[in-house]
Amino acid sequence: MTKPVAPALEGWFTLDAEKPHLIGTQCKSCGTYYFPKQSVFCKNPDCNGEAFDEVQLSRTGKVWSFTNACMSLRIRSCLTRSSQSSWKRKR
Ligand SMILES: [Zn+2]
C-alpha cells in the first residue's frame, strides 16, 4: 500500500518523484521567469507585459538568499510536557 501524495503548497512544484520541478511563470513579452508565479504584471521595469506562461523551472540554479527560522533556546526550555501529553509553559 502506498501513501497518497499531496503537495505541501498546491501548485508550487510538480509531484514527479524522480525529477520534481518548481513551477513558475514566464513573461510572454520579455521572457523573465518568476517564482513564485507572477500573473498580474511583469516586474521588469522595461516591460509592460501582462501575459504569462506557466513553466517548469530548471532543476539546477544558484541560491541567492534563504531564511532559517529557529526557536529560542530560552523559550524551548520553558516548555514542559503535562500529564495530558500537551505542551504547557512553566510558570
Ligand atoms: Zn516582461
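Val40 sits in the loop between β2 and β3, and that loop is a good place to start reading this predicted model. The chain as a whole has one helix and five strands, arranged along the sequence as β-β-β-α-β-β. Three of the strands come together in an open antiparallel sheet with the order β2-β1-β3.

**The loop between β2 and β3**

- Val40 is exposed, because just 7 other C-beta atoms lie within 10 Å and a residue counts as exposed at 12 or fewer.
- Along the sequence Val40 and Glu50 are 10 residues apart, while their C-alpha atoms are 5.9 Å apart in space.
- Pro36 also belongs to the loop between β2 and β3.
- Have a look at the peptide bond leading into Pro36 from Phe35: it is cis, with omega near -5°.

**The three-stranded sheet**

- In the order β2-β1-β3, the pairing is antiparallel and the sheet is open.
- The edges are taken by β2 (33-34) and β3 (52-56); each has a single partner strand, so one side of each is left without a neighbour in the sheet.
- As a reminder, strands of a sheet pair through backbone hydrogen bonds, in either a parallel or an antiparallel way.

**β1 with β3**

- Strand β1, residues 23-27, runs antiparallel to β3 and is joined to it by five bridges.
- To follow this pairing on screen, try Cys27, whose bridge partner in β3 is Phe52.
- Gln26 stands opposite Asp53 in β3.

**β1 with β2**

- On the β2 side, β1 is held in an antiparallel pairing by two bridges.
- Thr25 of this pairing has Tyr34 as its bridge partner in β2.
- The hairpin of β1 and β2 has five residues between the strands, and in it Gly31 takes a positive phi near 85°.

**Leu57 and its surroundings**

- Leu57 lies past the sheet strand β3, in the loop that runs between β3 and α1 (73-77).
- With 17 other C-beta atoms within 10 Å, Leu57 is partly exposed, because that count falls between the cut-offs of 12 or fewer for exposed and 20 or more for buried.
- Setting aside neighbours within four places in sequence, the contacts of Leu57 are His21, Leu22, Gly24, Tyr33 and Phe35.
- One of these contacts, Phe35, is 22 residues away from Leu57 along the chain, and the two C-alpha atoms are separated by 8.6 Å.
- Phe35 is worth a second glance, since the cis peptide bond to Pro36 starts from this residue.

**The chain as a whole**

- Of the 91 residues in the chain, 5% count as buried.
- Among contacts with a separation of 6 or more, 29% are between residues 24 or more positions apart.

Conventions: Residues are numbered from 1 along each chain as its sequence is written. This is a predicted model: local features need pLDDT of at least 70, side-chain atom pairs count only at pLDDT 80 or more; totals for chains, interfaces and linings use all residues. Two strands pair if DSSP finds at least two bridges between them. Helices (H or I, at least four residues) and strands (E, at least two) are DSSP runs, numbered from the N terminus. Two residues are in contact if their C-beta atoms, placed from the backbone, lie within 7 Å.
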